[in-house]
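Here are a few exercises to try with the model open beside you. Have a go at each task before reading its solution.

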Amino acid sequence: MDVAPRPDAPRPPAPSNGRGASVVRAGALSMLALAAVGLTRLVFGSLTSHATDRPTYGTVGILLAASTIASLLLPGGVSAGMSKFVAFHRGAGDLPGAWAVHRFLAHLGLVSSVVLGVATAVVVRQVHHLDAVGTVSLAVLTASYSLYTVDKAAMYGHGLVPQYARIELGTSALAVVSTVVLLATGRTWYLLPLCLGYGVFVLLCRRRLAQHRRRQQVAGPGVFDRRQVLAFAVLGSVGTLASAGFLQATQLLAGHFAAPGEVAYLVAAVALIAPLYFLPRAMALALFPAMAGAQGAGDRSAVRQQVDVSTRALAVAMTPVFLVGLAAAPLVLELFGGQGYAGGATVLRLMLCASFFGILQVPAVNALASGTPRQTRIPVASAVVGCLVGLAVVAVAARPLGAVGVGLGYLVGTAVTALVPLVTVWRLYHLRWASPLLRCLALMALCALATIELDPLRGWSWPAALLTVAAPLVALAVLRREVAGLLAVLRGRRAAAGTS
């Protein structure tokens with residue numbers, strides 16, 4: 001059954017160009033804030049890897065992966081439900097319903113976060129023999145990060161994007177400064193800076209949301225379909241666990257199949273690909289509430305335009321960036337962790353190819369997840385199937401190939417996960433994606449095969465440097481029509497923003 005606003009709720013006015021302009025503004029702010037998030041993890045990883053040996057850094061990465069996976073068990077779905085249903089009811093003009101959903105999911109998120117924090121710390125303590133400080137730090141990190149995802153989604157669902165961006169920037173800076181201070185004093189409590197950053201974020205967001213509710217003076221308890229919201233949260237948890245959880249699980253799998261030094265290669269690769277998700281995650285945070293609001297208002301054309309333009313933009317913008325990463329992988333790893341990390345170039349290249357698929361699917365997944373209950377099940381099913389296929393490849397390839405086999409399994413699984421929602425949305429909205437997306441994928445495949453198979457390109461050399469410069473230029477030349485079309489769209493939206 002679809003979500004419906006209260007019968008007496010006022011219907012919103014017809015969509016206008018202002019909606020598209022607001023999505024662009026929200027996307028820009030989201031990209032700035034998420035750049036701070038990704039850079040925080042990147043700086044944290046680089047500082048920690050330089051301050052420790054590879055086995056120690058690999059252990060830190062395993063702890064971070066465990067906390068992230070735990071946060072996806074239920075809080076990941078709760079945050080998706082918060083973003084969708086709060087925006088849906090607001091789009092339908094039902095503010096009491098929006099706040100009712102918020103209260104229900106906020107309580108569910110708090111309880112599940114605390115329980116998962118304690119459970120994760122207990123389990124990991126038994127496996128990795130953590131001391132008291134490490135155990136408490138892992139519990140606090142898991143709980144605070146889980147609440148961070150829920151409260152961030154609430155800020156987007158209620159349209160508080162500028163306020164969220166300011167809080168995100170401030171707490172990210174706090175985490176980086178705390179990391180520098182911690183390492184300068186020689187302490188080994190590596191998780192504490194992230195605990196501090198996420199904890200302060202949660203406190204500031206909850207204070208801002210309470211102020212927003214008081215200003216709106218919402219009357220009445222509000223009505224919403226609790227069964228559908230809960231079902232979506234559970235499905236969302238399954239989907240995020242099978243997709244984002246699979247990425248984090250690669251580090252745990254490497255700890256089982258690969259040598260201790262190779263675990264650090266995968267931990268470093270996961271840290272390095274995180275900044276590449278700035279643009280798609282910013283798009284998702286802005287697009288998902290906008291799409292949910294458009295679905296609530298019955299504006300199917302707005303959803304079609306948003307998923308079409310955003311997918312083309314991701315393909316065109318990210319292909320040159322990924323080509324540079326494939327060519328310069330040994331140099332990037334050496335700068336990140338030191339000379340001993342350059343040997344993980346093949347692992348990083350496989351993870352880059354996998355991330356390209358993961359990024360490309362983001363608008364399609366958001367379009368389906370913001371739609372009917374039947375549509376929301378499609379990306380969840382594809383994520384589960386992709387994860388199972390990827391794990392099967394890991395089981396076969398990881399023992400003889402080590403970390404490279406884990407990276408190969410993640411690439412195959414992510415490709416399966418991404419293609420199903422992409423093809424579904426392409427057919428559902430009759431989009432013309434075949435030619436530009438195939439060209440982007442062909443460029444990625446050619447560059448990946450060259451860097452992995454040709455000896456002069458496996459390390460950092462003059463041929464690799466030449467490829468680093470030439471590959472993005474070739475990509476822009478091949479995709480010149482798409483670039484021109486997207487620039488025209490952006491000029492039109494700027495004009496709409498100036499008149500709104």
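## Charged pairs and a nonpolar patch

D151 has a relative accessible area of 2%, so it is buried. Keep in mind that this is a predicted model.

**Exercise 1.** Find the side chain that meets D151 in a salt bridge, and work out which parts the pair ties together.

*Solution.* Start at D151 and look for its partner: that's R206, with N and O 2.9 Å apart. Next, place the two: R206 sits in helix α7 and D151 in helix α5, so the bridge links parts 55 residues apart in sequence. Finally, check the cover: R206 is partly exposed at 30% relative accessibility, whereas D151 is buried.

**Exercise 2.** Work out how D308 and R312 are placed in helix α11.

*Solution.* First, the contact: D308 and R312 form a salt bridge, with their closest N and O atoms 3.0 Å apart. Then count along the helix: because they are 4 residues apart in α11, about one helical turn separates them. As for cover, D308 is buried at 16%, while R312 is partly exposed at 23%.

**Exercise 3.** Say which helices E482 and R439 lie in, and whether E482 is buried or exposed.

*Solution.* The side chains of E482 and R439 meet in a salt bridge at 2.7 Å, N to O. E482 belongs to α20 and R439 to α17, so this pair ties together parts 43 residues apart in sequence. With 12% relative accessibility, under the 20% cut-off, E482 counts as buried.

**Exercise 4.** Identify the helix that gives the largest share of the nonpolar patch.

*Solution.* List the members: V385, V389, L401, L408 and V412 make a patch of about 330 Å². Now assign them: α15 and α16 each supply at least two residues, and α15 has the largest share with 3.

Notes
Residues numbered from 1 in each chain as written. Predicted model: local features only at pLDDT ≥ 70, side-chain atom pairs only at ≥ 80, totals over all residues. Heavy atoms only, no water. Patch = residues over 30% accessible without salt bridge, like charges linked within 9 Å, V, L, I, M, F, W, Y side chains within 5 Å. Areas by Shrake-Rupley, 256 points an atom, 1.4 Å probe, with all protein chains shown as cover. Salt bridge = Lys/Arg side-chain N within 4 Å of Asp/Glu carboxyl O. Buried < 20%, exposed > 50% of the residue type's maximum accessible area, 1.4 Å probe, protein only.
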